[in-house]
Amino acid sequence: MVDVYVLRRSRAGLEALVLRRADRGRSPGSWECIHGHIDQNETPVQAARRELAEEAGFETPRLYNLSRVDLFYSHRQDYVALVPAFVAVVEADAEFRLSEEHDEGQWLGIEQAKLRVSWPRLRRGLDDAVELVGSGGAGPLDDVLRV
């Protein structure tokens, strides 16, 4: 699996994209960032780019490795997944396109987004995303984090 946090700097300030899961899938009504499985023979970076396009319509944002990997345990399938995280930085006027997985999406200020998301790891990830690339880039870490 991969997590992808999408940030933009609008007139209102720094915003994060949050998406609400539709009724026809897992965790209906929960709010999250872009999230998905890594397909066979796919790298985490490739999965992050694919999920960005599939779930929100973003084809070529600036993408950063968030330098964090979370763990997720699925008791139903009895596996532990490593979940690398990424940050996509999009233009101030960027608009998203919802996939069938979601029935609503919103650009929210960071603190609002942290209150809205359902998973605690996403709140921690948003904090890291803001700290590392909230200025629009990774500064002196750009050569290591920019994908």
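**Group meeting: a walk from Trp119 into the fold**

Hi everyone, let me start with one side chain: Trp119 has a relative accessibility of 30%, so it counts as partly exposed, since buried would require under 20% and exposed over 50%. Please keep in mind that this is a predicted model.

Where does this tryptophan sit? Trp119 belongs to the loop that links α2 and α3. Leaving out residues up to four places away in sequence, Trp119 touches Glu32 and Phe72. There is also another tryptophan to look at, Trp31: the two C-alpha atoms are 8.2 Å apart, although 88 residues separate Trp31 from Trp119 in sequence.

Now let's zoom out to the whole chain. The protein has four helices and seven strands. Reading from the N terminus, the order is β-β-β-β-α-β-β-β-α-α-α.

What about the overall dimensions? The C-alpha trace spans about 40 × 30 × 25 Å along its principal axes. The radius of gyration is 14 Å, which agrees with the value near 15 Å for a compact globule, because that is what 147 residues would give. Contacts tell us about the chain's path too: taking those with a separation of 6 or more, 67% join residues 24 or more positions apart.

On to the inside. Of the 147 residues, 49% count as buried. The largest nonpolar core contains 22 residues, and Tyr5, Leu7, Tyr64, Val87 and Val133 have the most contacts within it. Which elements each supply at least two of its residues? They are β1 (2-10), β2 (13-21), β5 (62-74), β6 (79-90), α2 (110-116) and α3 (120-133). The largest share is four residues, and it comes from α3.

If you'd like one residue to click on, I'd suggest Val87. Setting aside neighbours within four places in sequence, Val87 contacts Tyr5, Leu7, Arg62, Leu63, Tyr64, Leu66, Ala129 and Val133. There is a second, separate core as well, with 17 residues, including Val6, Phe58, Leu63 and Phe86. So Leu63, a member of that second core, is also on the contact list of Val87.

Finally, the outside. The accessible surface comes to about 7,900 Å², and carbon and sulfur atoms account for 49% of that. As for charge, there are 25 negative and 19 positive side chains, with the centres of the two sets 3 Å apart.

That's my tour, from Trp119 in its loop to the cores and back out to the surface. Thanks for listening!

Conventions:
Residues numbered from 1 in each chain as written. Predicted model: local features only at pLDDT ≥ 70, side-chain atom pairs only at ≥ 80, totals over all residues. Heavy atoms only, no water. Rg over C-alpha atoms; globule rule 2.2 N^0.38 Å. Buried < 20%, exposed > 50% of the residue type's maximum accessible area, 1.4 Å probe, protein only. Contact = heavy atoms within 4.5 Å. Areas by Shrake-Rupley, 256 points an atom, 1.4 Å probe, with all protein chains shown as cover. Lys, Arg positive; Asp, Glu negative; His and termini not counted. Charge placed at Lys NZ, Arg CZ, Asp CG, Glu CD. Core = buried A, V, L, I, M, F, W, Y, C linked by side-chain atoms within 4.5 Å.
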